[in-house]
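The following note sets out points on a protein model with bound DNA. The sequence and coordinates are shown first, and numbered remarks follow.

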Amino acid sequence: MIVETEAYDGPNDPASHAATLRGPTKRNAVMFGPAGFSYVYRIYGMHWCMNVVTGPEGDAGAVLLRGLHAMEGQEVMKQRRGCEPLSTGPGRLCEALGITGELYGHDLREEPLRLQAGWAVAHDMVGISTRIGVSAAADWPYRFYVLGASGVSRHPGPTKPSATATEGSQE
DNA sequence: ACTCCGATTGTT
DNA sequence: ACAATCGGAGTA
């Protein structure tokens, strides 16, 4: 169950891998395609991160998967990870699920990796904060997470005091 | 061809 | 606070 995500709004978003580019590159090409496909990329030369492409074709929107609450398969996940936590954070999440670059552009309606509808989450259970690890558009409140859920990388929000962004404390 | 640095994680 | 580690993107 996905409990933490971050939104990236393509060319409109300075923090997106599709920002400021005239068009698709080899890496971000899948984001310009239809929704429901996976955008997997390598970060810091060692970790994989996965996005779900969103929006109509040509929009290059994507949602980064940052936190997962395992409901089953913990044993396999633990075997892949080798240690805890299992799927807290985008890199760990991919390692726990065995997601690699081979799944770039994968149709998430098909095996071996499918995205299925979960349960509605009440508004007062959704925390909002700035995105983690991004320097551009650092004040955009595009991170969403389930309050108190296990699998969320960080509950408080931004490390910096800023607090200009909407926090999960209210609403 | 060359340099810079990142949507991270784990250790010091 | 800092290292690990490498390919994408920008510059020459």
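**Notes on the model**

1. In the pairing of the terminal strands, Ser-129 stands opposite Arg-143 in S6. The partners here are strand S5 (residues 126-129) and S6, antiparallel and joined over four bridges; two strands are said to pair if DSSP finds at least two bridges between them. S6 (residues 143-146) also pairs with strand S1 (residues 2-9), again in the antiparallel sense, over three bridges. In that second pairing, Thr-5 stands opposite Phe-144.

2. On provenance, this is a predicted model, in which local features need pLDDT of at least 70 and side-chain atom pairs count only at pLDDT 80 or more, while totals for chains, interfaces and linings use all residues. Residues are numbered from 1 along each chain as its sequence is written, chains are lettered from A and ligands numbered from 1 in the order in which they are written, and side-chain values use heavy atoms, with hydrogens and water left out.

3. Chain A holds two helices and six strands, arranged along the sequence as β-β-β-β-α-α-β-β. These elements are DSSP runs numbered from the N terminus (helices: H or I, at least four residues; strands: E, at least two). Of the 171 residues in chain A, 39% are buried, that is, under 20% relative accessible area, with exposed over 50% and partly exposed in between (1.4 Å probe, protein chains only). Among chain A contacts (heavy atoms within 4.5 Å) between residues at least 6 apart in sequence, 50% join residues at least 24 apart.

4. Which residues are closest to DNA strand B? They are His-17, Tyr-41, Asn-51, Gly-91 and Arg-92, out of 18 residues that surround the strand; a residue is near a strand if one of its heavy atoms lies within 4 Å of it. This surface divides into nine nonpolar, six polar and three charged residues. Here Ala, Val, Leu, Ile, Met, Phe, Trp, Tyr, Cys and Pro count as nonpolar, Asp, Glu, Lys and Arg as charged, and the others, Gly among them, as polar.

5. Strand S2 (38-43), S3, strand S4 (61-68) and helix H2 (90-97) each supply at least two residues of that surface, and H2 gives the largest share, three residues. Sugar or phosphate accounts for 51% of the atoms of DNA strand B within 4 Å of the protein, and bases for the rest.

6. Phosphate oxygens of DNA strand B lie 2.5 Å from a polar side-chain atom of Arg-92, 2.7 Å from an N or O atom in the side chain of His-17 and 2.8 Å from a polar backbone atom of Gly-91.

7. Asn-51 belongs to strand S3 (residues 47-54). Because its relative accessibility is 4%, Asn-51 counts as buried. A polar atom of the Asn-51 side chain lies 3.5 Å from the backbone nitrogen of Leu-64. Leaving aside residues up to four places away in sequence, Asn-51 touches Tyr-8, Phe-37, Ser-38, Tyr-39, Tyr-41, Ala-62, Val-63 and Leu-64.

8. Zero disulfides are found in a search of the whole structure, a disulfide being a pair of cysteine sulfur atoms within 2.5 Å. Why is there no bond at Cys-94? Its sulfur is 6.0 Å from the closest cysteine sulfur, in Cys-49, and is therefore too far for a bond. Cys-94 is buried, with a relative accessible area of 1%, and Cys-49 counts as buried at 5% relative accessibility.

Terms used:
Polar contact = N/O pair within 3.5 Å; in protein donor to acceptor, adjacent residues only side chain to side chain.
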